[in-house]
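Here's a quick briefing to read with the model open beside you. Have a look at the fold first, then work through the points below.

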Amino acid sequence: MTEKALRLGTRRSKLAMAQSGQVADAVSQVTGRPVELVEITTYGDVSREHLAQIGGTGVFVAALREALARGEVDFAVHSLKDLPTTQPDELVLAAVPEREDPRDVIVARDALKFTDLPRGARIGTGSPRRMAQLNAYARTHGLDIETVPIRGNVDTRIGFVHKGELDAVVLAAAGLNRIGRADEVTDFLSVDTVLPAPGQGALAIECAAGNADLAAALAELDDPFTRAAVTAERSLLAALEAGCSAPVGALADLLADGQIVKEMRLRAVVGTTDGSTLVQLSTTGPVPHTHEQAMALGRELATEMLAQGAAGLMGERAH
């Protein structure tokens with residue numbers, strides 16, 4: 001008798017389906033069981049409001065978590081940057097697979113690079129984090145740009161450029177890579193210019209805490225370096241008391257000497273969306289080997305940022 005298929009809960013967007021399909025294949029390999037995708041519509045998918053207005057945090061996650069809690073699906077795949085920083089007791093983050101490219105990218109008309117956009121160029125993004133950093137870069141480099149709030153899926157966003165409504169849009173490299181549209185990127189934004197969202201490019205595989213056998217099987221897909229990095233980034237976000245729609249960028253990366261990984265560096269930025277004020281700091285420490293060490297790295301940097309006035313730059317505090 002063949003084993004019953006595992007049910008993977010996923011959002012219905014093209015990107016969610018693509019990344020869930022990739023995880024499904026990997027889970028099939030480690031468990032030897034077939035995996036079927038169960039499509040779930042979330043509030044974030046049906047609401048037409050701007051993400052910053054509907055609270056950002058968790059709008060794409062709640063319906064998937066409810067399906068897990070009710071036992072309608074066995075596990076779920078999220079974009080880690082959508083996941084609220086508090087983990088519910090009844091669910092376990094079973095695996096954080098190896099991270100995709102964390103950078104943001106530009107898709108611009110006429111294959112333009114960011115710095116080659118004409119004066120007054122209109123750049124679309126739904127992210128206060130991207131707006132803050134793009135506007136700050138423009139201010140310090142004498143560029144004249146206008147950031148325009150947009151939302152919608154990848155097709156919709158790139159469509160604004162093709163239709164001539166916008167000169168460029170900013171998207172995550174990881175998403176375009178996962179849906180096979182990396183060739184549409186006209187420029188990669190260096191993390192020195194725009195720090196990504198905490199957890200950007202990483203996926204979270206979640207299951208019920210009570211399902212120990214499944215959690216153990218899924219754990220085989222975990223990448224310890226990615227997990228340590230995103231744990232530090234998310235700890236910083238939580239310590240700033242910011243939701244995932246706040247203008248916070250963070251990236252932890254490994255510093256190697258040749259082949260030997262020596263340290264982990266955590267960089268973070270908080271800014272006003274017009275780019276007039278940024279608090280940007282970094283810290284470097286030993287590579288965290290425990291969850292608590294990774295959490296501590298994030299908390300320490302957040303404390304320094306708050307001491308430099310980061311709290312006042314985040315607008316509404318998330319409660």
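Start at the hairpin of E12 and E13: there are 6 residues between the strands, and Gly275 in this hairpin takes a positive phi near 80 degrees. Keep in mind that this is a predicted model, where local features need pLDDT of at least 70, side-chain atom pairs count only at pLDDT 80 or more, and totals for chains, interfaces and linings use all residues. Residues are numbered from 1 along each chain as its sequence is written, and side-chain values use heavy atoms, with hydrogens and water left out.

**The sheet around the hairpin**

- Strands E11, E12 and E13 make up an open sheet in that order, with antiparallel pairing; strands (E, at least two residues) and helices (H or I, at least four) are DSSP runs numbered from the N terminus, and two strands pair if DSSP finds at least two bridges between them.
- E11 (248-257) and E13 (278-286) are the edge strands with a single partner each, so one side of each has no neighbour in the sheet.
- On average, neighbouring strands here are turned by 15 degrees against each other, direction ignored; the axes are lines fitted to C-alpha atoms, and angles run from 0 to 180 degrees between N-to-C directions.
- E12 (residues 260-271) pairs with E13 in the antiparallel sense over 9 bridges.
- Looking across to E13, you'll find Ser282 as the bridge partner of Arg267 and Thr284 as the bridge partner of Arg265.

**Helix H4**

- H4 (residues 128-140) has 13 residues and should span 18 Å at 1.5 Å a residue, and its end C-alpha atoms are indeed 18 Å apart; the expected span is 1.5 Å times one less than the number of residues.
- The helix is largely enclosed by the rest of the structure, because 11 of its 13 residues are buried; buried means under 20% relative accessible area, exposed over 50%, and partly exposed in between (1.4 Å probe, protein chains only).
- Among the buried residues of H4 are Arg129, Arg130, Met131 and Tyr137.
- After H4 comes Gly142, with a positive phi near 65 degrees.

**Salt bridges**

- The count comes to 22 salt bridges, taking one to be a side-chain nitrogen of Lys or Arg within 4 Å of a carboxyl oxygen of Asp or Glu.
- Arg11 and Asp82 meet in a salt bridge at 3.8 Å, N to O; Arg11 sits in the loop between E1 (6-10) and H1 (14-31), and Asp82 in the loop between E3 (75-79) and E4 (91-95), 71 residues apart.
- Both Arg11 and Asp82 are buried.
- Back at the hairpin, Asp274 forms a salt bridge with Arg139 (3.9 Å, N to O), linking the loop between E12 and E13 to helix H4 across 135 residues.
- Arg139 counts as exposed at 51% relative accessibility, while Asp274 counts as partly exposed at 38%.
- Arg267 has a salt bridge too, with Asp192 (3.0 Å, N to O).
- Asp192 lies in the loop between E9 (187-189) and E10 (203-208) and Arg267 in E12, so this pair ties together parts 75 residues apart in sequence.
- Asp192 is exposed at 59% relative accessible area, whereas Arg267 counts as buried at 12%.
- Lys14, Asp155, Arg181 and Glu184 are joined into one network by salt bridges that share partners.
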